Amino acid sequence: MKQITIIGAGIGGLTAAIALQQRGFEVEIFESTPEFGKAGSGINLAINAMQVFKRLGLYDTILEHAHITHSMNIRTKNLGYLAVAPLSKFETEFEVKSVAIHRATLHKILIQQIGNTGNTKIHLNKKLRSLKQDKETIDLLFEDGTVHTSQIVIGADGIHSVVRASIFNDSELRDAGQICWRGISSASISPEHRGELNEIWGKGKRFGFVHIKENEIYWFAVMNKNTLMKQDLDLKDLFSDYHPTVMTIIGGTQKENVLRNEIWDLKPIATWYHGNVCLLGDACHATTPNMGQGAVQAVESAMALSICLSEESKIEEAFKRYQKIRKKKANHITDTSWRIGKLAQVNNPIGALLRDMLLKITPRAVMEKQNRRVFELNY
Ligand SMILES: Cc1cc2nc3c(=O)[nH]c(=O)nc-3n(C[C@H](O)[C@H](O)[C@H](O)COP(=O)(O)OP(=O)(O)OC[C@H]3O[C@@H](n4cnc5c(N)ncnc54)[C@H](O)[C@@H]3O)c2cc1C
């Protein structure tokens, strides 16, 4: 039986462990966090991720703990429509729903599944410092001074991947120049928004919200860094010109649980593997969150990699095939998401007006074609 070491127990690493153990691999995960916390944010799991979770036998459990999203809308600050993308056609075509869920809930489901169906060990408080690759083996050196020797390593250690830095020294992180706040609100808003993923595009700022439970809303707010005069401005002030629903959502949030991040991505890299070491998820295809596809792409990569490793007899052939299957789509998403981020955050009034007009006249068929390209799996 082949033994595989995964660095990182994020959504990518955990999904890879599930997919690999289902295919008979012996898996071990090393994770830097001492304990899994209850991160204060939600996540959208688009139709492509849900197809993978269905194949892994996790679909029903996720559905039970999530909220279904039937449409993705771009709106004006008064909640008028700029673009509507109904998902019903895709739900029928791909036989899955699109959902939004609390991140901590998803994490729990993935960890439980690992425990239920295999004997993968998750070692917490194990921060990788570096790795050294010989012909047959890979030595993993951890911050606590311990060394673990492995035959196959998957680096699922996120955008600042130590695994990536250990095998390639030329990757470039790109600053999108935007700040994002995320929170969970228990506010009660009009029931018409149930099942909607809404993004409100303004000038240099954006606000999005989606239900993750009947009475819980995941929201995010994005501002251009260069328009933020003070780091500690209140979100209610920043979005005071938006529809009262936005104030209600922000008002229903516990301030201390709000997350604040800068938005960065990884400029697409040429190669995802070297010898018996391979990258997965944000470690090789980190994207800006504008398409809600970062974790979804990690889930896709996890599935594709498990298929390639179980079907190819040579490791390097498996990694080569995995990269061939996944790289084009992941890079397309990184590049498209980067452009959407710039468009969504246009600050100049004329630019924003032109953008809104363009969105209103974009035929639904064009949006459908773009979405199908994202939702379709090629493995
Ligand atoms: C504001 C925002 C909103 C987003 N919204 C969505 C969304 O709606 N839908 C979506 O699909 N994606 C979304 N994303 C993207 C998504 O969060 C990431 O793409 C996804 O979490 C990547 O998963 P991963 O497992 O590859 O990496 P990570 O989630 O970064 O996990 C990496 C893991 O490795 C561990 N680790 C790191 N370094 C080491 C080390 N040296 N040694 C050991 N362990 C290590 C970390 O602790 C972590 O547990 C969003 C991102 C942001 C910033």
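How do the residues of the shell around the ligand divide into nonpolar, polar and charged? In this predicted model, the division is 14 nonpolar, 13 polar and five charged residues. The surroundings of the ligand comprise 32 residues, of which Gly8, Gly10, Gly158, Gly281 and Gly294 come nearest. At least two residues of the shell are supplied by each of helix H1 (11-22), strand E3 (42-45), strand E13 (173-185) and helix H10. The greatest contribution to the shell is that of H10, with four residues.

The largest nonpolar core contains 93 residues, and the members that touch the most others are Ala16, Val163 and Leu280. Helix H10 (residues 294-311) provides ten residues, the largest share of this core. H10 is thus named in two settings, giving the most to the ligand shell and the largest share to the core. Apart from neighbours within four places in sequence, the contacts of Ala16 are Ile6, Ile154, Ala156, Leu280, Ala302, Leu305 and Ser306.

Helix H5 (residues 103-117) was examined along its length and around its axis. Its 15 residues reach 21 Å from the first C-alpha to the last, close to the 21 Å expected at 1.5 Å a residue. Within H5, the buried residues are Arg103, Leu106, His107, Leu110, Gln113 and Ile114. Because these buried residues fall within an arc of 125 degrees when seen down the axis of H5, they line one face of the helix. Exposed residues on the other side of H5 are Gln112, Gly115 and Asn116. The cover over the buried residues of H5 includes H1, E3 and strand E7 (98-102). Of these covering elements, H1 and E3 also supply residues to the shell around the ligand.

A further buried position is found in a loop. Val96 is located between helix H4 (88-94) and E7. Val96 counts as buried because 23 C-beta neighbours lie inside 10 Å, the criterion for burial being 20 or more. When residues up to four places away in sequence are not counted, Val96 touches Ile47, Met50, Gln51, Lys54, Tyr59 and Glu91. Val96 and Leu63, 33 residues apart in sequence, are separated in space by 9.6 Å, C-alpha to C-alpha.

Conventions:
Residues are numbered from 1 along each chain as its sequence is written. This is a predicted model: local features need pLDDT of at least 70, side-chain atom pairs count only at pLDDT 80 or more; totals for chains, interfaces and linings use all residues. A nonpolar core is a set of buried Ala, Val, Leu, Ile, Met, Phe, Trp, Tyr and Cys residues joined through C-beta atoms within 7 Å. A residue is buried if 20 or more other C-beta atoms lie within 10 Å of its own, exposed if 12 or fewer, and partly exposed in between; C-beta atoms are placed from the backbone. Two residues are in contact if their C-beta atoms, placed from the backbone, lie within 7 Å. A residue is near a molecule or strand if its C-beta atom, placed from the backbone, lies within 6 Å of it. Ala, Val, Leu, Ile, Met, Phe, Trp, Tyr, Cys and Pro count as nonpolar, Asp, Glu, Lys and Arg as charged, and the others, Gly among them, as polar. The expected span of a helix is 1.5 Å times one less than its number of residues. The arc is that of the directions from the helix axis to the C-beta atoms.
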